[in-house]
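This report describes one part of a predicted model. It takes up a helix, the sheet beside it and the contacts between them.

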Amino acid sequence: MVGRDRWKKLSFDAVCFFLQATNEVVGRVPKATASEMEAAVASCKKAFWNWSETSVLSRQQIFLRYQQLIKDNLKEISKLITFEQGKTLADAEGDVFRGLQVVEHACSVTSLILGETMPSITKDMDTYTYRLPLGVCAGIAPFNFPAMIPLWMFPMAMVCGNTFLMKPSERVPGALMFLAKLFQDAGAPDGTLNIIHGQHEAVNFICDHPDIRAISFVGSNQAGEYIYERGSRNGKRVQANMGAKNHGVVMPDANKENTLNQLVGAAFGAAGQRCMALSTAILVGEAQKWLPELVDRAKNLRVNAGDQPGADLGPLISPQAKERVCHLIEKGVKEGASLLLDGRNIKVKGYENGNFVGPTILANVKPNMTCYKEEIFGPVLVVLEADTLDDAIEMVNNNPYGNGTAIFTTNGATARKYSHLVDVGQVGVNVPIPVPLPMFSFTGSRASFRGDTNFYGKQGVQFYTQLKTIISQWKEEDATVTKPAVVMPTMGN
């Protein structure tokens, strides 16, 4: 890693990143030139042949060392995330930890990458398949999870034998650079993982370069649709996790204490800058009477710089993000929503120039309002009302997004009906943010995802590999007798 003081002295064409609590420039990364990006891909392509022929056991050993290095440096990586991105230290540690879980799962590659076989499909003929890496793959990561999202991508791709080109968000490059250094320390060969910095030109380069076989993307709908269309047109596999409008349906029989806490935490944690934030509540029947208590709990959240003790949520990523969030709040009020809690004018002592928006609650929201139709991506909870569970299901299914949803109830039949009928890729039952563990796959759907194969888990292995089928025939009459081997067979790396 290059020290902060040194960043300020460099004179290259650069992308600046800021301390979100003060909007001060705290560092710069070199914006990759066209020739540097070409060199990065060429390096990956050259390294691919040796890396793909490296035994699965050897690749597994590198990732076993890597996961331990991440554990050893978890707090240091978290501090870097808080410094650049603004989220609280506790949330940053969660960011790293959820990415670490994917690395740990990648260490199970010897089971994940198994092929299939059918012996004696006809006399003396066998058929079997095995999985091969694709080649050079690429990842484009967002600002909100500087560690977790890259760790969704390159570990799964590389343990399968691919090499990887990674483009972090230009706003938060430090965590990935630290993670890349640790990966090198774990024994990854030069050229197997390369990083480029940049914005639109770098994205277009990844979408267009003929040697890049697959693209993983997490970010906004506009960017995701563009990358999916352009990358697919160029013959690449693309998986794109995009926007969301995640609903929490609250039934009147739910555990009130637990549900209110879950709603507040899931709506306002990370300042709402999560694609799985529970940004929309649907209060069903008598649960509508809980709204004043929900507001009271949100009022008690503490807004501060992410590295300050006791902070529950930090600043937004940029002044532009704050402006957009405030605009959508204002538009919601103009369209008839009731502003029960307004966080637009919050001031944080010592950080008066920061990108802060406090917890905000808009009630009496209708499905035709802009604040409901658009992903706000800030600490704003919009509240709708429904008379019955069926009405709530209809609301959720009429929304184009399908990333995640949750239902809060103590009735098993209600939970089962909702889980079965709601058209959303990930459903939580009394779980507000239903992000699966890495042995499963992230399964956002509809307008929240583009592609055929999702991130990590079994689907992640399928995305980063291609099947080869072998059909062989060895006639029984050609068999010969050889000298018996009496030494215990060994299999080296």
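## The two faces of helix 12

On the side of helix 12 that points away from its buried face, the exposed residues are Pro 292 and Lys 299. The buried residues of this helix are Leu 291, Leu 294, Val 295 and Ala 298. They line one face of the helix, because their directions, viewed down the axis of helix 12, fall within an arc of 100°. As a general point, an α-helix has 3.6 residues a turn, so residues three or four places apart point the same way.

The cover over the buried residues of helix 12 includes helix 11 (256-268) together with strand 11, strand 12, strand 13 and strand 14.

## Helices against the sheet

Helix 12 (residues 291-299) lies across strand 11 (280-284), strand 12, strand 13 (360-363) and strand 14 (380-386). With strand 12, helix 12 makes an angle of about 50°. Helix 13 (residues 319-334) also packs on the sheet, where it touches strand 12, strand 13 and strand 14. The direction of helix 13 makes about 25° with that of strand 13.

## The sheet

The sheet is open and mixed in its pairing, with seven strands in the order 12-13-14-11-10-16-17. Its edges are strand 12 (338-341) and strand 17 (427-429), each of which pairs on one side only. On average, neighbouring strands are turned by 20° against each other, direction ignored.

Strand 16 (residues 405-408) and strand 17 run parallel and are joined by three bridges. Thr 405 stands opposite Val 427 of strand 17.

Conventions
Residues are numbered from 1 along each chain as its sequence is written. This is a predicted model: local features need pLDDT of at least 70, side-chain atom pairs count only at pLDDT 80 or more; totals for chains, interfaces and linings use all residues. Side-chain values use heavy atoms; hydrogens and water are left out. Two strands pair if DSSP finds at least two bridges between them. Helices (H or I, at least four residues) and strands (E, at least two) are DSSP runs, numbered from the N terminus. Axes are lines fitted to C-alpha atoms, for helices over the stretch in contact, and angles run from 0 to 180 degrees between N-to-C directions. Contact means heavy atoms within 4.5 Å. Buried means under 20% relative accessible area, exposed over 50%, partly exposed in between (1.4 Å probe, protein chains only). The arc is that of the directions from the helix axis to the C-beta atoms.
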